[in-house]
Each structure stands twice: as C-alpha cells, then as structure tokens.
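Colleague: Please take one hairpin of this model under close examination, strand by strand and side chain by side chain. Then set that part against the sheets, the cysteines and the overall dimensions of the chain.

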Amino acid sequence: MKYKGAAIQFDCRFMEKEKNLSQLAGLIRQAAGQGAKLIVLPEMCATGYYFDSMDQASEMAEYVIGGRTVGLLEDLARELDCYLVAGLPESEGDRLYNTAVLVGPGGLIGRHRKMHHYTPDSTWAKTGDEPVAVFDTPIGVVGIQICMDLSYPEASRLSRLMGAQILCSPMNWSEASVPSSIWITRAKENGMYVIAANRHGEEKGFSFCGGSGIIGPDGRVLACHPYGNGIALAEIDLDTQTDRSEIPPRRPELYRELQLQRYPWFQSQYYQIFAPHPLLQGSLFSVAVCSMEPEYREGHLANIKQAICQAGKRGNRLLILPELVLGGVPENLKQAQRIAIRADDPVWPELSDLAVENHVDVILGFVLEENGKLWNAAECLCEDGSRHCYRKSHLTRREAQWAEAGDQAGLILDRPYGRIGILLGSEIMVMEVPRLLANSGCDIFAVPAVKNPNCLSGCPEAQQARENYHPARVRANENNTYTAFAVQEGISGIFGPDMFLEPRDEVLLREKGFREMKLDTRFILTDIQGHPAVNVVREKPMLGTRHTIWYDRLIEKTDCVL
C-alpha cells in the first residue's frame, strides 16, 4: 500500500482557538489537495501550550467526543477522505490531559494521552492514564506519541511491538538541529515511519524550532519543512522491506529488569543505600576514545600500545578502542577461527601490564575462542591488573554466522571513578541494552564499535540533521549517561548526559586519532554561581520519569519481531 503522508507545521496564537482552527483547516485542505491521505498536526495546535494554570487551560479544553476541535476534524476528514492526527487540551470532568486524536472519514478512531510530560505540562495536565494503543485503519496500523513521549524509547518501542507501521507525533519541540536525532532514531530502531508535526515561532518567550518531517523506516529523512507555516509531504510505502541487517534482533528474555523503577527517589537513594552494589562517590576524571584500523600480531600491536601510552601520559582514567580492533573483522567462520584469541593468550598479560604501568583502564574488542566456540567480545584491562570480558549478546545476521551470543545484555563494571556499562557496536541500536545498563546505575556507556550507524541521505533540507546524527548521542541523552563510542571507521565521540544542555557537552572524532573529555560522576556538583547542583548522571531524571506500569510487553515475545 502506498499513499502520501503530511506533517503540518504551524505557529498557533495563544488562546485564539477559532482563528487557529480556521488557518489549520486551510493547511489541511492544502495537504489533502496535494494528495495526502494521512495528515498530522502539531501538539496543542489550536490553543497554544504554556498555560498558567488549570483554570486557564480549562478555558481552551474540550471533550473529545462532541468537542469543537474534534468536530471540525471529523468534518474535514469526511469531506477530504483523509485521516487526521491533532493535539488538543482534553477535558474529562475535572481532569485535563494533553491529548492527540486520530480521526478518519468515518469519525473519531481513537486518542492518546501524553504519558511523559515536559515541565510546562505539569502546570495543568494530568499524566496520561491509558496504556499505549495503536489503531488498525484502512491505511495501516497507526500509533500516536506526543512530543516528549518520543524522548523515551519505551513508548515508541511499545507502539511498534503492538504492530504500528506509522508513528504520528504532534509536538511543540525545541532543538538546535532538526529533524531531531531522536525522531530519526525512533524510526530507524523500530523500522517504522515517523511523522513529526512540529510548531514554529514563539510563545511567552519560549521558542519552537520547526523542522517538521517524515522519516522512513530506515532512518532516512524523506521530507522536511525547516521554517514557517507549511507542509512536509512524502510517500508512505507500507510494502517496502527495510534492511535491518545491521540492527541485531531483540532478545526479550534478557530484559526482565526493564520493568523495575530504580530512580523514583531524590539523589538516586536506591543506589546509595539499598542496592546490593551501591555506587561509589564518583569523581572528576577524563576519558579518551581512539579511532584506528584493526591491528594484527604480526605488527606487534604498535598502534594499540601507543594509544595506551598516550592515554597514560595525558592522565586519562579510561580508554575505549574499537570493536574487533585486535585481529580485525571476520567475514566468515573460517576467518574468525583464524584470528580468534583465547583468554590465556600471551597478548593479554603484555597489554594488561601496559595498562597497569600507565594507570589507565583499557577496553578493546576481539574474537574470543573458548572450547571451540567463538564470541564477538570486549576485554577490559584495568589499571589494578584485573581483567573482565563481555561477550556480545545481540548479534547481527552477519555476526551470527560465526559468533555465539552472550547470555547477558551488557557488562557492568565498578571502577573508582564510576560505574561502566560495556556494550558492543550495533547493540547501540537496540534500545533495551543501554536502558538496562542505565537502570543498573551506570555512569558511562563504553561502546567499542566497527562503525557508527549513520543517517542515510534524504531530502536536502535535512542535510544538517543527517551530518549531525549520532546514535550514541541519543543514548547518552535519553539515559542521562555519558557515552564513549570508538570506531574503526566513521565518527567516534564522547557524549554528555544532559538532553537539554546547549551547547552540547561532547567531543567528536571524525578521523583516525585520539580525543578526550572530562567527565564528572560525583553525586553533587557546583554550578557556575558556586551553588550545589544535582548531577544528572547520578539522578537520571529520564529514568525516574519512566512509566514502568505499561512496560510488560517489552519483556514478552510478540508477533512483531524486531
């Protein structure tokens, strides 16, 4: 099935519902006139967003059934033979919600109440109290998430696991680069279309960034409207087969702990007092990533040794080298057997002694051989002489031709400066793996990789967003966890944990070489005025505001296999 989808971008006027509805009707007619069958409008599209109180919001709120906004949408959908998704303030008795509705030619189909509030929502709206729902329509299975909902990977994942083919997102989004890397990641990791309809302009001194777009199941930006009122229009092809060969399949049997809410209390009280393995106090320290080609024993591992020495000289506490850097990337089983290294190989004492001598922890990737079986593995050589090995648990189709799958989603390792969560390469695109590690208190994701999953070329208007895209940044932000990502080819980097910090706290390495960044894992920081401040790495507000009551499907086998 093929048809056109549209994202309408609009700057509504605060508390001027009738005027806004009139202009929106014109944009809907324009989109339908261009052939759009599914049209998405922004969050709170006819009323504005920054209400001062519940009383003020009540002046604009309306019942979904029989309300002015939904009635107009129903009339337009019937007249234009299309499907509409739009955001509005919903009233239900004394309760108010930030809601989006789906309307078709036959009338109202369903609604979604925003589950994850951004700060202004809490002035007037109740948190969404209904589970994620998807709607089976003649144009496909449609899911709805509103703005901040997309910042939580569970919400979009649940929609996809329930069968959604298109995720419609009304939003009032603000970010420097749009279409956002978050929108792109939600499409790519779930293999579904994302239609993001954003607002532009200002309201009460707050800005909205526009950049509404349509993103394909492969993460390609198909259409983008950068500025002003207008329409992003693109073809939706539900028969297309998305190449997921570089994204490992999920393993829900490993995800049991996703249902646990470990950050409901101030200052991560669970991990200070009650956890079986409490967090250490943390410290201010530096981490380095090194991008390099694979090395072989015949070359005496000169570049690996040089990187360890360089990290030591610069006082780095942790060095991340690429995945499979020791021995190379095997193309098949025979090649993997030839380059595999055992745990008792002489190379390990040699490199371990160098790590101890330079007072640095080193993480690097290789093919592990044990009892005739092979794993894609990462070795952590610690400055205290200890060694720890992670066996990759989520394998791509190519890796599964030669490697066994490990039996745990990531490896957790406590060091004096913080808690490390180790995952490998393509596991960065399986949202459950970094989420589990973050929920276990990790301060840092250490990610050796062969290459970084990039954003495919799409429409010219999205060129900047494509160039700025990096999945490690998304994982760092959505998990409030530093992420150090080292590749053989592509872009390495170290990404900060704060989604809302501008300019971003990060360093990028676009060529072979070495980059470092200071990290802070202490519980309490000092802000620029000298006042105590909570460290988001330890507080993890993006985990504390998860809604685990709805997450059972994440740990169950479903008909949708990702």
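Modeller: Arg-415 stands opposite Gly-418 of strand 21, in a model that is predicted. The two residues belong to a hairpin made by strand 20 and strand 21, with 2 residues between the strands. Strand 20 covers residues 411–415 and strand 21 covers residues 418–422; they run antiparallel and are joined by 5 bridges. The side chains of strand 20 alternate along its length. Leu-411, Leu-413 and Arg-415 point to one face and are buried, whereas Ile-412 and Asp-414 point to the other face and are not buried. Arg-415 is thus a buried residue of strand 20 as well as the residue that faces Gly-418 across the hairpin.

A second hairpin may be set beside this one. Strand 12 and strand 13 form a hairpin with 5 residues between them, and Gly-219, in the turn, has a positive phi of about 90 degrees. Strand 12 (residues 212–215) pairs with strand 13 in the antiparallel sense, over 4 bridges. Ser-212 has His-225 of strand 13 as its bridge partner. Strand 13 spans residues 221–225, and because 4 of its 5 residues are buried, strand 13 is largely enclosed by the rest of the structure.

The hairpin of strands 12 and 13 belongs to an open sheet of 6 strands with the order 6-7-8-9-12-13 and mixed pairing. Strand 6 (134–137) and strand 13 are the edge strands; each has a single partner strand, so one side of each lacks a neighbour in the sheet. On average, and with direction ignored, neighbouring strands of this sheet are turned by 15 degrees against each other. Within the sheet, strand 9 (residues 193–197) pairs with strand 12 over 3 bridges in the antiparallel sense, and Ile-195 stands opposite Ile-214 of strand 12. Helix 5 (residues 181–190) lies across strand 9, strand 12 and strand 13 and runs at about 155 degrees to strand 9.

Another open sheet of 6 strands has the order 19-18-17-16-15-26, again with mixed pairing. Its edges are strand 19 (387–391) and strand 26 (513–520), each of which pairs on one side only. The twist from one strand to the next averages 30 degrees. Strand 26 is joined by 8 bridges to strand 15 (residues 284–291), and these two strands run antiparallel. One bridge pair in this region consists of Val-287 and Met-517, the latter in strand 26. At the other edge, helix 9 (residues 347–357) lies across strand 17 (361–370), strand 18 (373–381) and strand 19. Helix 9 runs at about 20 degrees to strand 18.

The cysteines can be treated together. With a limit of 2.5 Å between sulfur atoms, the count of disulfides is 0. Cys-168 is in no disulfide, and the nearest cysteine sulfur, in Cys-82, is 12 Å away. Cys-168 is also buried, at a relative accessible area of 0%. For Cys-442, the closest cysteine sulfur belongs to Cys-380 and lies 12 Å away, which is too far for a bond. Cys-442 likewise counts as buried, with 0% relative accessibility.

One further residue deserves a local description. Ser-91 is found in strand 3 (residues 83–92). Its relative accessible area is 12%, and since the threshold for a buried residue is under 20%, Ser-91 is buried. Neighbours within four places in sequence aside, Ser-91 is in contact with Ala-61, Glu-62, Tyr-63 and Leu-96.

The chain as a whole supplies the setting for these parts. It has 15 helices and 28 strands. Of its 562 residues, 61% count as buried. A compact globule with 562 residues would have a radius of gyration near 24 Å, and the chain, at 24 Å, agrees with this. Along the principal axes, the C-alpha atoms fill a box of roughly 75 × 55 × 40 Å. Where contacts join residues at least 6 apart in sequence, 70% of them link residues at least 24 apart. The chain exposes about 21,500 Å², of which carbon and sulfur atoms supply 49%.

Terms used: Residues are numbered from 1 along each chain as its sequence is written. This is a predicted model: local features need pLDDT of at least 70, side-chain atom pairs count only at pLDDT 80 or more; totals for chains, interfaces and linings use all residues. Side-chain values use heavy atoms; hydrogens and water are left out. Two strands pair if DSSP finds at least two bridges between them. Axes are lines fitted to C-alpha atoms, for helices over the stretch in contact, and angles run from 0 to 180 degrees between N-to-C directions. Contact means heavy atoms within 4.5 Å. Buried means under 20% relative accessible area, exposed over 50%, partly exposed in between (1.4 Å probe, protein chains only). The radius of gyration is taken over C-alpha atoms; the globule rule is 2.2 Å times the number of residues to the power 0.38. Accessible areas come from the Shrake-Rupley method with a 1.4 Å probe; for residues, only the protein chains shown count as cover.
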